[in-house]
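Trainee: Please choose a single part of this model and take me through it closely, in one connected account, with the cut-offs behind each term given as you go.

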Amino acid sequence: MTLTNEFHRPSLSIRLVRHAESYNNQVYREARQLPVSANRQAYVDCNRLADPGLSDLGYRQAELLGEYLQPTQILTSPMKRTLSTIQPILKHHPTCPVLVHGFYFESEGCHLKDQPMEGMKPSEIKDYLQHDHVEFTGFPDMNRGWYCDEKGPETRESSEERATRFYMWFCNYLDEQLAFMNHDKEKTENALIACVGHGDFMSLVLKRIVASYGHTTERTGTTHRSSFVHSNTAMTHLEYFGYGRFLVLQQNVVPHIPDSNLLSGGTLKDGWSYLIPDVAETTVAVILNEKQMEPYIREQTQALEALYSVEKAAADTPVQFIVRRGHQVVGVATFCQSAKTIAKIAVPPGRETVQKLLQTAIQEHVGTETSVEFP
């Protein structure tokens, strides 16, 4: 590390902010407090709104956020609960420019009892905010609502794909802001971009920020590497240095909330464990050429071999057998094609099933006429 007073890498300061508690958040909280014998889902179905505003607690949280946060720009979701969250900020900063992004909405979109609702159109959003400095991007049709093209609730895969599109757009947008400021230290130090969005979709975007342009899309049947949780109006502090380079300095912080009784939406009791899917199906891949491996598979394979490898012989014509559970590599064996022997095998302790999968795959590869000795 170079430590000189002259060294400076210009960056943009960003706060990812979850909206204040919405009316629907309150409905879900009340449903979880009902007796076990009660029909909690029926309570939600009767009270949930497609595009809710804030609860009474949410308005208080938004007021505290408005007193604390001093952005030079606001990027916001088009959903009513985020628009209500930024209103107190705009009261304190009446000239702050606002960019409403049409596909920065929450996962699953805008729907009521599985029927899609269009959501607010740009003219309605402008009337709702009563703010002179509002622009729009990412809307499918500027004369209709932001969810006008959808047929029902958004699927998980569609949310993931949209998060990738938003991440790519976000990096390009921030690059433009840096270029506009000409990477000037004084200008960038005074800039603060507040991105007001939603708990789940912010988590999907943060996964991509952490992984950069690497392997990030989670598919049905694969195991999530991680998810991020935010309380209502909690912030994650990022610094952006251009070309997809981020520092994550703080995550899920609420310096503006003076009383724990005003916190909501950031615990396991709030239902966040639904983000963690079932354990993925175990599969075995046969790799004839190491160059065929995706980098994240190669990295895990090398780590497993360093931890658990049992070496039997050198491999002049190696074939690798990889056991995966979703994105996670749980076992690897290197088979010497010419000598018909196992060169090395790496399986964590207690994973007998993984060992048997490798044995079966290798035996099927060489055929029943050849006997393979397993360590």
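Mentor: What follows is a close look at the edge of the sheet formed by β6, and at the helices that can be reached from it.

This is a predicted model, in which local features need pLDDT of at least 70 and side-chain atom pairs count only at pLDDT 80 or more, while totals for chains, interfaces and linings use all residues. Residues are numbered from 1 along each chain as its sequence is written, and side-chain values use heavy atoms, with hydrogens and water left out.

To set the scene, the chain holds 10 helices and 14 strands, where helices (H or I, at least four residues) and strands (E, at least two) are DSSP runs numbered from the N terminus. Its 375 residues are 46% buried, the terms being buried for under 20% relative accessible area, exposed for over 50% and partly exposed in between, with a 1.4 Å probe and protein chains only. Two domains are assigned, domain 1 over 12–275 and domain 2 over 282–366, with bounds that come from an automatic or database domain assignment; their C-alpha centres are 42 Å apart.

The sheet in question is open and has 7 strands in the order β6-β3-β2-β7-β1-β8-β9, with mixed pairing; two strands are taken to pair if DSSP finds at least two bridges between them. The edge positions belong to β6 (134–137) and β9 (246–253), each of which has a single partner strand, so one side of each is left without a neighbour in the sheet. On average, and with direction ignored, neighbouring strands are turned by 20° against each other; such angles run from 0 to 180 degrees between N-to-C directions, and axes are lines fitted to C-alpha atoms, for helices over the stretch in contact. Further in from the edges, β1 (residues 12–18) and β7 (residues 192–197) run parallel and are joined by 6 bridges, with Ile 14 finding its bridge partner in Ile 193 of β7. Helix α5 (residues 122–129) packs on this sheet, where it touches β3 (98–101) and β6, and its direction makes about 150° with that of β6.

Looking now at β6 residue by residue, its pairing with β3 is in the parallel sense and extends over 4 bridges, and in that arrangement Val 98 stands opposite Val 134. The side chains of β6 alternate, since Val 134 and Phe 136 point to one face and are buried, whereas Glu 135 and Thr 137 point to the other and are not. Glu 135 is a clear example, because its relative accessible area of 56% makes it exposed. Even so, Glu 135 has contacts with Val 98, Leu 99 and Val 100, when its neighbours within four places in sequence are left aside; contact here means heavy atoms within 4.5 Å. The C-alpha atoms of Glu 135 and Leu 99 are separated by 4.9 Å, although these two residues are 36 residues apart along the chain.

From α5 one can step to the next helix, α4, whose axis is 10 Å from that of α5 at an angle of about 40°, in a crossing that is right-handed. Lys 80, Leu 83, Ser 84, Ile 86, Gln 87 and Leu 90 in α4 meet Ile 125, Tyr 128 and Leu 129 in α5, and these residues divide into 6 nonpolar, 2 polar and 1 charged. In this division Ala, Val, Leu, Ile, Met, Phe, Trp, Tyr, Cys and Pro count as nonpolar, Asp, Glu, Lys and Arg as charged, and the others, Gly among them, as polar.

Helix α4 (residues 80–92) also packs with helix α3 (residues 56–68), at an angle of about 35° and with the axes 8 Å apart. This crossing of α3 and α4 is right-handed too, a crossing being left-handed if the near helix is turned anticlockwise from the far one by less than a right angle, and right-handed if clockwise. On the α3 side the contact is made by Ala 62, Glu 63, Leu 65, Gly 66 and Glu 67, and on the α4 side by Ser 84, Thr 85, Pro 88, Ile 89 and His 92, which together divide into 4 nonpolar, 4 polar and 2 charged. Ser 84 is thus listed both in the contact with α5 and in the contact with α3.
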